[in-house]
Amino acid sequence: MHGARENNLKDVSLEIPKRRLTLFTGISGSGKSSLVFSTIAAESQRMINETYSTFVQGFMPTLARPDVDVLEGLTTAIIVDQERMGADPRSTVGTATDANAMLRILFSRLGEPHIGSPQAFSFNVASVSGAGAVTLEKGGRTVKERRSFSITGGMCPRCEGRGSVTDFDLTALYDDSKSLNEGALTIPGYSMDGWYGRIFSGSGFFDMDRPIRKFTKRQLDDLLYKEPTKIKVEGINLTYEGVIPKIQKSMLAKDREAMQPHIRAFVDRAITFTTCPECDGTRLSEGARSSKVKGISIADACAMQISDLADWVGELTDPSVGPLLESLRGTLDSFVEIGLGYLSLDRPSGTLSGGEAQRTKMIRHLGSSLTDVTYVFDEPSAGLHPHDIERMNALLRRLRDKGNTVLVVEHKPEMIAIADHVVDLGPGAGADGGSVCFEGTVDGLRDSATVTGRHLGDRARLKDSVRDATGALEVRGADMHNLRDVDVDVPLGVLTVVTGVAGSGKSSLIHGSLAGGDGVVVIDQTAIRGSRRSNPATYTGLLDPIRKAFAKANGVKPALFSANSEGACPNCKGAGVVYSDLAIMAGVATVCEVCDGKRFQADVLDYTFGGRDISEVLGMSVAGAERFFADGDAKIPAAHKILLRLRDVGLGYLTIGQPLTTLSGGERQRLKLAAQMGEKGEVYILDEPTTGLHLADVDQLLELLDRLVDSGKSVIVIEHHQAVMAHADWIIDLGPGAGHDGGTIVFEGTPTDLVAAETLTGKHLSAYVG
């Protein structure tokens, strides 16, 4: 590679050895992802797409060429990233890994009684039948013949294959003492000033000025449940539909995790999800549940823990499905080997953590007979206990030994230790990063003076004294997922770390029992979703006080200072770049000539505040903006408070107007942390906050957690990182294993006591603190 300049890379030139395991390290934001994903992997995918005919390329997403002079010797790249798996409510672990497809064929061949083809066991296929006359041309004459058809599907007719049915709390949908014109509907987005108001008033089904409690039965039914009906409003053809079917189509079609926060809050308030009474949550029709193999139905098989299912499939010996059984055993054994044997196939894929989703994607590649492939992994240690990391290391070595090139972006010393070749990027983050600081062996890295080299031998020290709890949150009889009636007191006023192997029940205990309480702020692992138009200033709410201050100082309206609203440059619509579609070639983004990439109209830039225009403010770094808004003419206390939080999480180098799409995983994680730190709460729950953080960044995170605790808050962290464990005041360790081997508390106490204990975590912690 010669001259890579993607994002913050500064003309990087490298030689990466083939068929070896190469690790990329460096502090968060130093350019690792830009080098590995945005340059190497992106170019490999683009080259593969170019091998297809131009006709086929027209249907594929066009990938822009990365900003690099020369890339030679590339091979096909397979990316295994940490993106959460599809948040479709119908997607389960079984459907995502093809294990369900194989099970369906197995039951359609061996199941007694025989009920039909593999479709009859699929909860995504509905049963339909029909009959009627069809008109055919035969021998020059038109004849009518009777035809009938039927498809036997496995979908439960009551819940339509979702496993749960929804009940609406009508009091949360409307205030029955008001009329529609007075704003009776309390559903987000249903205001009477817009199209909804026109449709409701133009439908003529009810009186817009009559309070809802005085509606007749027919009128209330029309408002809530009416089927889609064609109506004409002000000469325009429209469709009127009852409120409840509309909510089901628009809001409930998405998984809860993928909803916007205000819609999620409404759904939690207005809708209760109860297990479907007809299929008992299995999603399958009665017929599909009645067909059994050795006394087990497909619903029972999917509900089993995968390690148990693997044993059951291992006992089947029917020669008619021999190859299928072998393939299914291979997939299930891969689950167990990769440390996911505690999942079940019916687990919705939207509920998997980032690390679990990543390992589920790996399963598809483990059995692959391809060689000379470049596998690109994004922090495969995320969500893994030190005990599980040893297994992951064995898997990466296995991929390499098959003759593949393995590239891994990683921070954990245990994983860096197995590399054949290490590339360390830095020296700083953002504009201070993007250079190669070291290239060579792990021992060479240890002796180098780079940030990673200095921190590689870090050993945390156990605290001399721990804080005393000021109270406790009592959890009694927790039995969500694999928990076995757990009773535990989580201390308040201290830093509590909840740990245990992957799948031992940590998230089930904390999210299931504590989240959702009053004054509890949960900062989970879900990724920030953001387009090119969103940036740290819009995401954290920093832009609102700045826009208001600009508007007040210049006597104009705040919308002028938004590049997504009235102030946008008319040429690039506020994007700062103009996209040219070059048909079969990759599209090109060029900096807008009219605004020079500043995104605003020229006259908006004449308005200043504290001597700077809005584009200059958005071009400042967090640290620079924090000093600018601190005092003097430009003092804005609300903005200063948000900037201090951003600086506290170690993002002082970020530009506040930088698109979110250019941030690394660790930067997004900390941005989210800073945004949610502002919420009013007494108890903070953090789910693996060290994901994507370099050892040097972890120290900074620990200082931040200490400041939170010292200010009187209680902090509960679900974490595997030994440095965080050593820093805790109290540790709760779950285990001893994963799945049904876990779900119990194996240790409660201080880190010093844990080191002396004989639990898996204790052994690894004592090795870490030496």
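1. A cut-off to start with: a residue is called buried under 20% relative accessible area, exposed over 50%, and partly exposed in between. At 36% relative accessibility, D67 therefore counts as partly exposed. Please keep in mind as you read that this is a predicted model.

2. D67 also has a partner. Its salt bridge is with R5, and the closest N and O atoms of the two are 3.2 Å apart. This pair links distant parts of the chain, since R5 sits in the loop between β1 (2-4) and β2 (21-25), D67 sits in the loop between α2 and β3, and 62 residues separate them. R5 has 30% relative accessibility, so R5 is partly exposed as well.

3. How many salt bridges does the structure hold? The count is 32. As background, side chains of opposite charge can pair when their charged atoms come close. The next three points look at further examples.

4. R46 and E50 form a salt bridge, with the closest N and O atoms 2.8 Å apart. Both belong to helix α1 (residues 32-50), and because they are four residues apart there, about one helical turn separates them. The general rule is that an α-helix has 3.6 residues a turn, so residues three or four places apart point the same way. The two partners differ in cover: R46 is buried, with a relative accessible area of 12%, whereas E50 is partly exposed at 45%.

5. R647 and E626 meet through their side chains in a salt bridge of 2.9 Å, N to O. Here too the pair links distant parts of the chain: R647 is in helix α23, E626 is in helix α22 (residues 622-628), and they are 21 residues apart. Buried or partly exposed: which word fits E626? E626 is buried, because its relative accessible area is 10%. R647, with a relative accessible area of 37%, is partly exposed.

6. There is also a network to look at on your screen. K463, R467, D706, D710 and D729 are joined into one network by salt bridges that share partners.

7. Now to strand β13 (residues 374-378), where five of the five residues are buried. In a regular strand the side chains alternate between the two faces of the sheet. In β13 both faces are covered, with T374, V376 and D378 buried on one side and Y375 and F377 buried on the other.

8. Which strands pair with β13 in the parallel sense? One of them is β4 (residues 77-80), which pairs with β13 over four bridges. Within that pairing, T374 of β13 is the bridge partner of A77. Strand β14 (residues 405-409) also pairs with β13 in the parallel sense, over five bridges. There, Y375 has V406 of β14 as its bridge partner.

9. Strand β18 (residues 486-492) is largely enclosed by the rest of the structure, because five of its seven residues are buried. Strand β17 (residues 471-478) is joined to β18 by six bridges, and the two run antiparallel. A handy pair for orienting yourself is V475, which stands opposite V488 in β18.

10. Helix α20 (residues 543-554) has twelve residues, and its reach of 16 Å from first C-alpha to last is close to the 16 Å expected at 1.5 Å a residue. Its buried residues are L543, P545, I546, R547, A549, F550 and A551. What do these buried residues pack against? They pack against α19 (536-539), α21 (614-618) and α23 (637-648). Just after α20 comes G555, which takes a positive phi of about 65°.

11. On the surface, Y52, F55, V56 and F59 make a nonpolar patch of about 470 Å². F59 belongs to the loop between α2 (54-57) and β3 (68-70). With a relative accessible area of 66%, F59 is exposed.

12. Last, a residue in strand β6 (residues 141-151): R141. R141 is exposed, since its relative accessible area is 57%. From R141 to E679 the distance is 76 Å, C-alpha to C-alpha, and the two are 538 residues apart in sequence.

Terms used: Residues are numbered from 1 along each chain as its sequence is written. This is a predicted model: local features need pLDDT of at least 70, side-chain atom pairs count only at pLDDT 80 or more; totals for chains, interfaces and linings use all residues. Side-chain values use heavy atoms; hydrogens and water are left out. The expected span of a helix is 1.5 Å times one less than its number of residues. Buried means under 20% relative accessible area, exposed over 50%, partly exposed in between (1.4 Å probe, protein chains only). Contact means heavy atoms within 4.5 Å. Patches are made of residues with over 30% relative accessible area and no salt bridge: like charges are joined within 9 Å, nonpolar side chains (Val, Leu, Ile, Met, Phe, Trp, Tyr) within 5 Å. Accessible areas come from the Shrake-Rupley method with a 1.4 Å probe; for residues, only the protein chains shown count as cover. A salt bridge is a side-chain nitrogen of Lys or Arg within 4 Å of a carboxyl oxygen of Asp or Glu. Two strands pair if DSSP finds at least two bridges between them.
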